[in-house]
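User: Please take a close look at one strand of this model, and describe how it is covered, what it pairs with and where it meets open space.

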Amino acid sequence: MSTNESSPVQAGRSGASASRAVQKASRARSDLRRVAVVTGAAAGLGNGIARRLASDGMALVLSDIDGDKLASARRTLEADGHAVETFQGDVASREDQQALVARAVEAFGRLDVFVNNAGIEQVKPLDDIAPEDLERIFRINVFGMLYGMQAAAARMRIQDDGIGKIINACSIAGHESYEMLGSYCATKHAVRSLTQTAAKEYARDGITVNAYCPGVAGTSMWTRIDQAMGHYMGTKPGEAFEKFSAGILLGRTQEPEDVGNLVSFLASTDSDYITGQSIITDGGMVFR
């Protein structure tokens, strides 16, 4: 099928999809506090996203597997006067993702935004990747993201006021593949693909699905990548990080706020006419 052709499924649903989406958008209520879930929200980019959505006035449910860091993130946001709930769970568990959505509805009565941020990295040459390595990274980065979309969509489609927003963590590694990061890149290419599929299937329910694609950030994930690169390639501490970030056109590595700004837009009504896109935010590294 060419890129200009519509599938029979798409063609048959286009009218109904447009009608439902337009109706839901028209019934959006400005007097309701919108509710967002962010997975992997205890630290790093996920925490930056959570802080930005809180500053936008949303009620938040923070999810993470690390209970101590999760509790600390909650205290910080509550100290600033934000409405916050937490859920300690494993995104690779479909039951946990369903329970996470149930927690949001129980706490705040609805779900408007679901950010599939949680993920892990993996640094290994292709010849060293074992079956258990693939199973672990795909269970978290791909299965977990899919389970999150399923759980979020099940709730969003029964709400008739406003467009539901599902926002997935992709990466520049979902547009470009890198040596030593083969399994990680494969998962992020899968995220980009499933984001497009979900956008096409969920449009009829008044739900948009997009992804954000960060570049090189000074987070704990990149610290681990740098260390692992040193193990395999003999580089000094910080050398791999410097190599990856040297070509950033805007002259600095990424901050959590950079990603939070993009997610804020994708979570807002300003992005109601955007779906199926994986948008790069990397300071000028990868061009698509």
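Analyst: What follows is an account of one strand, its neighbours and the pocket to which it contributes.

The model is predicted, and the part chosen here is strand β6, which spans residues 207-214. This strand is mostly covered, eight of its eight residues being buried. In a regular strand the side chains alternate between the two faces of the sheet. In β6 both faces are covered, with Ile-207, Val-209, Ala-211 and Cys-213 buried on one side, and Thr-208, Asn-210, Tyr-212 and Pro-214 buried on the other.

β6 has strand partners in β5 and β7: six bridges join it to β5 (residues 164-169), and the two run parallel, while four bridges join it to β7 (residues 278-281), again in parallel. Tyr-212 appears in both pairings, since it stands opposite Ala-169 of β5 and also opposite Ile-279 of β7. The connection from β5 passes through helix α6 (residues 182-202), and β5, α6 and β6 together make a right-handed β-α-β unit.

β6 also takes part in the lining of the largest pocket, to which α2 (44-55), α5 (131-156), α6, β6 and α7 (220-233) each supply at least two residues. Of the elements involved, α7 gives the most, with five residues. The pocket holds about 1000 Å³ of space and is lined by 42 residues, of which Ala-118, Gly-119, Ile-120, Met-221 and Arg-224 lie nearest its centre. By class, the lining comprises 23 nonpolar, ten polar and nine charged residues.

Conventions
Residues are numbered from 1 along each chain as its sequence is written. This is a predicted model: local features need pLDDT of at least 70, side-chain atom pairs count only at pLDDT 80 or more; totals for chains, interfaces and linings use all residues. Side-chain values use heavy atoms; hydrogens and water are left out. Buried means under 20% relative accessible area, exposed over 50%, partly exposed in between (1.4 Å probe, protein chains only). Two strands pair if DSSP finds at least two bridges between them. A crossover is right-handed if, with the strands pointing away from the viewer, the path from the first strand over the helix to the second runs clockwise. On a 1 Å grid over the protein atoms alone, a cavity is a set of points where a 1.4 Å probe fits but cannot get out, and a pocket is an open set with protein on both sides within 12 Å along at least five of seven lines; lining residues have an atom within 4 Å of a point. Grid points are joined across faces, edges and corners, and a volume is the space filled by probe spheres set on the points. Ala, Val, Leu, Ile, Met, Phe, Trp, Tyr, Cys and Pro count as nonpolar, Asp, Glu, Lys and Arg as charged, and the others, Gly among them, as polar.
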